[in-house]
Amino acid sequence: MTSPVQTLSKSLTVNDNPFMKPMEWVSLALLAGLILFVLPATLDAFRLNLVGKYLTYAFVALGLVMCWGYAGILSLGQGVFFGLGGYCMAMYLKLEASSVENTKIQSTPGIPDFMDWNQITELPLMWKPFQSLPLTLILVVAVPVFFAFIIGFAMFTRRVGGTYFAIITQAIAAILTILIVGQQGYTGGINGITDLRTLHGWDIRTDSAKFILYFVNGGLLLGCILAAQYVKKAKLGRILLAMRDKEDRVRFSGYSVAGFKVFAFCLAAGFAAIGGAMFTLQVGFMSPSFVGIVPSIEMVIYAAVGGRLSLFGAVWGTLLVNWAKTTFSESFPELWLFGLGALFIAVVLAFPNGLAGIYRSYVEPRLTRKVKALAPAGAPVPHGTPAE
Amino acid sequence: MNAAILSSPIIGESPDAKDFLLSVEALTVSFDGFKAVNDVSFYVDPNEIRVIIGPNGAGKTTVLDLICGRTKASAGSIKFKGQELTKISESAIVQAGVGRKFQTPSIYDDLTVFENLEISFPRGRTVWGALTFKRDAEVRDRIHEVATMIFLKDQLKERAEFLSHGQKQWLEIGMLLIQDPELLMLDEPVAGMSVGERIKTAELLNQIIVGRSVLVIEHDMKFVEDIAHRVTVLHQGKVLSEGSMERVKNDPKVIEVYLGH
């Protein structure tokens, strides 16, 4: 009885669940080549910094692929986590820029300028941890993830989901924006935290610093893609997919659904937070305009355009939409929002799986056929979706 | 099996719960005042196949929903191996050893047959466990064993979406089997199946009942007669009759409301 079963399973062990399929390795190599070689080699310092800024949004889109595409949790408030990560970073940089000698004309030297303008005479308690770089690097991820955990735990254990959850996340984005704007003395208000200069003594405003930060950003993004790929490939990824389709069945297979949803939401928040911190470092400021509803929805569009089930698609989608945004708004600034709206409608109606979907149904089959024609008979060929 | 229990009307009695695998006592649930299940009590022995029959709307599916925690009881108790189930979550009930098959095949369309079975494998059920879960020989062998039992060993790599209706039903039974529950609850396992599939399913059920209790809802009387050890008849949320198929078939109350037409 055991021997036929064992031989059967042995024949299946070959390439049963590889970390990445050959085509996915190719996609990764293409993306890494573009980010780490092609763009730095062809773009000037200004444009490269712009691409670096776009790539920080790709972290958010990547998180949305896991959270929305895989787990089916649509969050319209990812700007919250992007913003929190960015603010944590900005608070450290601001404190460093507000040394006593830099701020000696203030009535209270040694605190950020906007606090002085708001008659605050002592560094608030919530700013204290950001005097230390190691602590800041931990808090950049920990604060947004903890916040996501609280929201997720409160919502998902009460089985709030779908549209209701999306609306609540949107409300949270609005509330946080209002809070940041209102508490000017603690947050810098509507202007955000500006005039950032050095990271642990290293001037981040120079071209060479921006060049290095671009590569740090690109490396982190590729790292996050690999981390997401690991989650996707683990049984957890399949549970997320299963949960999206048949939540009840997952529950009756003995899983606590809420826990898995909280995990997906926290993962997305963590990715967004890293993006936010890199944004602050590369762009040199952080403001409430990246926390609110509009940026949050734009980030969902990046993921939708790229394809909400494709990690690589999320990055391509972000780059493409932002490139279009920059090009359009340079020539027809008033038309861009209409263009963005039209793009979203087109994606929903015509290409529900975004760029990745177009690639999978039109480009990949052709490539596979070509590879098949070139390869000698009998050679293994990666096959994609079954022929339709 | 206890002869005294078989012959005496069980309803209203309160025997010692630990002798039974499952004891349902005075179970009641009301939806906006309508009592879908009203003061239902019954007891299932280890290794027993119990079939619940009754006309549409009698509350059969609701009873299963209550046992597996999908619906919360308004009153009464459900004890499984001495543990109260009405107080714990659905996933905890599954982990205690209760498996449930739904009326319409409830499987994961986007996953392959192999992955469907793998998700049901009772290991790595926490977030961390699912992240670090290894598809090792034990998992593979068990999946192949179950796939052979449910006639799907050649479809392991196929997406579940492309299976026939009968195959989907089998897959869901397989997903339960791999959990190795002590109590298996099946809601109309042969509904919508062809005659050939029905025969294979009866064969499958006879194979899988070894070492566990099964609670089945079924309308197909021929099928019920083939498999049932005992039958409970529900009508308008209440237990109308209970006992062997022979006894229930000849009960005038049952003939009037259910079997007569």
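Here are some exercises with worked solutions on a predicted model.

**Exercise 1. Find the edges of an open sheet in chain B, and the helix that packs on it.**

Start with the strand order. The open sheet of chain B has 4 strands in the order S2-S1-S4-S5, and their pairing is antiparallel. Next, look for strands that pair on one side only: these edge strands are S2 (34–44) and S5 (83–84) of chain B. Now add the helix. Helix H2 (residues 60–68) of chain B packs on this sheet and touches S1, S2 and S4 of chain B. The direction of H2 makes about 70 degrees with that of S2(B).

Then look inside the sheet. Strand S1 (residues 22–31) and strand S4 (residues 75–80) of chain B are joined in the antiparallel sense over 5 bridges. To see one of these pairs, go to Leu22(B), whose bridge partner in S4(B) is Phe80(B).

**Exercise 2. Is strand S7 of chain B mostly covered or mostly open, and which strands pair with it?**

Begin with burial. Strand S7 (residues 183–187) of chain B is mostly covered, with 5 of its 5 residues buried. Now take the faces in turn. One side carries Leu183(B), Met185(B) and Asp187(B), the other carries Leu184(B) and Leu186(B), and all of these are buried.

Move on to the neighbours. S7(B) pairs with strand S6 (residues 98–101) of chain B in the parallel sense, over 4 bridges. S7(B) also runs parallel to strand S8 (residues 213–217) of chain B, and 5 bridges join the two. Leu186(B) is a handy landmark here: Lys101(B) stands opposite Leu186(B), and in S8(B) the bridge partner of Leu186(B) is Val216(B).

**Exercise 3. Describe the side of chain B that touches chain A.**

First count the residues: 31 residues of chain B are in contact with 27 residues of chain A. Second, ask which helices take part. Helices H3 (90–96), H4 (113–120), H5 (127–132), H6 and H7 of chain B each supply at least two residues of this side. H6(B) gives the largest share, 5 residues. Third, sort the chain B residues by type: 12 are nonpolar, 8 polar and 11 charged.

**Exercise 4. Which residues have the most contacts inside the largest nonpolar core, and which helix gives the largest share of this core?**

The largest nonpolar core has 177 residues, and those with the most contacts inside it are Ala61(A), Leu62(A), Leu64(A) and Ala264(A). Helix H12 (residues 257–283) of chain A gives the largest share, 19 residues. Chain B takes part as well, since the core draws at least three residues from each of domain 1 (19–96 + 180–193 + 208–260) and domain 2 (104–179) of chain B.

Finish with a close look at Leu64(A). Leaving out residues up to four places away in sequence, Leu64(A) touches Gln78(A), Ala268(A), Met299(A), Val300(A), Ala303(A) and Ala314(A).

**Exercise 5. Why do Asp195(A) and Phe151(B) count as partly exposed?**

Locate each residue. Asp195(A) is in the loop between helix H8 (184–187) and strand S1 (198–199) of chain A, while Phe151(B) is in the loop between helix H6 (137–149) and helix H7 (165–179) of chain B. Check the backbone next: phi of Asp195(A) is positive, near 60 degrees, and Phe151(B), also not a glycine, has a positive phi of about 60 degrees.

Now apply the cut-offs: 20 or more C-beta neighbours within 10 Å means buried, and 12 or fewer means exposed. Asp195(A) has 16 such neighbours, so this residue counts as partly exposed. Phe151(B) has 18, so it counts as partly exposed.

Conventions: Residues are numbered from 1 along each chain as its sequence is written. Chains are lettered from A and ligands numbered from 1 in the order in which they are written. This is a predicted model: local features need pLDDT of at least 70, side-chain atom pairs count only at pLDDT 80 or more; totals for chains, interfaces and linings use all residues. Two strands pair if DSSP finds at least two bridges between them. Two residues are in contact if their C-beta atoms, placed from the backbone, lie within 7 Å. Axes are lines fitted to C-alpha atoms, for helices over the stretch in contact, and angles run from 0 to 180 degrees between N-to-C directions. Ala, Val, Leu, Ile, Met, Phe, Trp, Tyr, Cys and Pro count as nonpolar, Asp, Glu, Lys and Arg as charged, and the others, Gly among them, as polar. A nonpolar core is a set of buried Ala, Val, Leu, Ile, Met, Phe, Trp, Tyr and Cys residues joined through C-beta atoms within 7 Å.
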